[in-house]
Amino acid sequence: MKPTTLATLLTLALTAICATAADKEKDDHDHAAKAGPTGGRLITKVEPHAEFFVTRDNKIEIRFVDDDNKVLAPAGQTVSVIMGDRSKPTRLAFAQQGDKLVSDQTIPAGDLLPTVVQIKAGADGKTVTERFNLNLADCPTCDYREYACICDHEHVGEEKKK
Ligand SMILES: [Zn+2]
């Protein structure tokens, strides 16, 4: 086979894969995208799912929710958040208050702060890590702030959701 033919075939194959992935992503947005019960960002790679919510006085609240978005009492999960400048990041620890975990301090100032959320399920559970840039602007086209946005508009400066 000539190299050019091989390249063409490869390109075709990759295009097909990309189209499938794009269709799937669109499908996820149409049917599965939802915010948490408080209007925060749902972290769905942990079971039960966790909602990451920034209050108006800039503390972080973490709630655990079932698949119907009902709040579950925390069950021994440990959460830590590291955010802000890589050179001097802010580390937040969490303590339980009622049905949620609340950060011990406020988030640092700034836009699009790199944020790393680590959730450990129970004493011998594994740690799940979620990374995103915290965008606190109100979304122009849905009811949520950008970090919890459930619509599909362009997010400037943010990684496209995967
Ligand atoms: Zn939106």
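Two strands pair if DSSP finds at least two bridges between them. Keep that in mind as you work through this predicted model.

**Exercise 1.** Find out which strands pair with β3, and in which sense.

*Solution.*
- Start with β2: it pairs with β3 in the antiparallel sense, over six bridges. For one of these strands' partners, look at H49, which is bridged to V65 in β3.
- Next comes β7 (residues 100-103), antiparallel to β3 over two bridges. Here E61 has V102 as its bridge partner.
- Finally, β4 (residues 71-72) also pairs with β3 in the antiparallel sense, again over two bridges. Opposite L72 of β4 you'll find F64.

**Exercise 2.** Look at the turns of the two hairpins and work out which residue in each has a positive phi.

*Solution.*
- Between β2 and β3 sit five residues, and N58 takes a positive phi near 65 degrees.
- The hairpin of β3 and β4 has five residues between its strands too, and N69 in the turn shows a positive phi of about 70 degrees.

**Exercise 3.** Decide whether β3 is largely enclosed, then see how I62 fits in.

*Solution.*
- Count the buried residues: a residue is buried if 20 or more other C-beta atoms lie within 10 Å of its own. Five of the six residues in β3 pass, so the rest of the structure largely encloses this strand.
- Now check the largest nonpolar core: of its 25 residues, I62 is among those touching the most other members, along with A50, F52, I60 and V79.
- Leaving out residues up to four places away in sequence, I62 touches several residues, including F94 and L101.

Technical notes: Residues are numbered from 1 along each chain as its sequence is written. This is a predicted model: local features need pLDDT of at least 70, side-chain atom pairs count only at pLDDT 80 or more; totals for chains, interfaces and linings use all residues. A nonpolar core is a set of buried Ala, Val, Leu, Ile, Met, Phe, Trp, Tyr and Cys residues joined through C-beta atoms within 7 Å. A residue is buried if 20 or more other C-beta atoms lie within 10 Å of its own, exposed if 12 or fewer, and partly exposed in between; C-beta atoms are placed from the backbone. Two residues are in contact if their C-beta atoms, placed from the backbone, lie within 7 Å. Helices (H or I, at least four residues) and strands (E, at least two) are DSSP runs, numbered from the N terminus.
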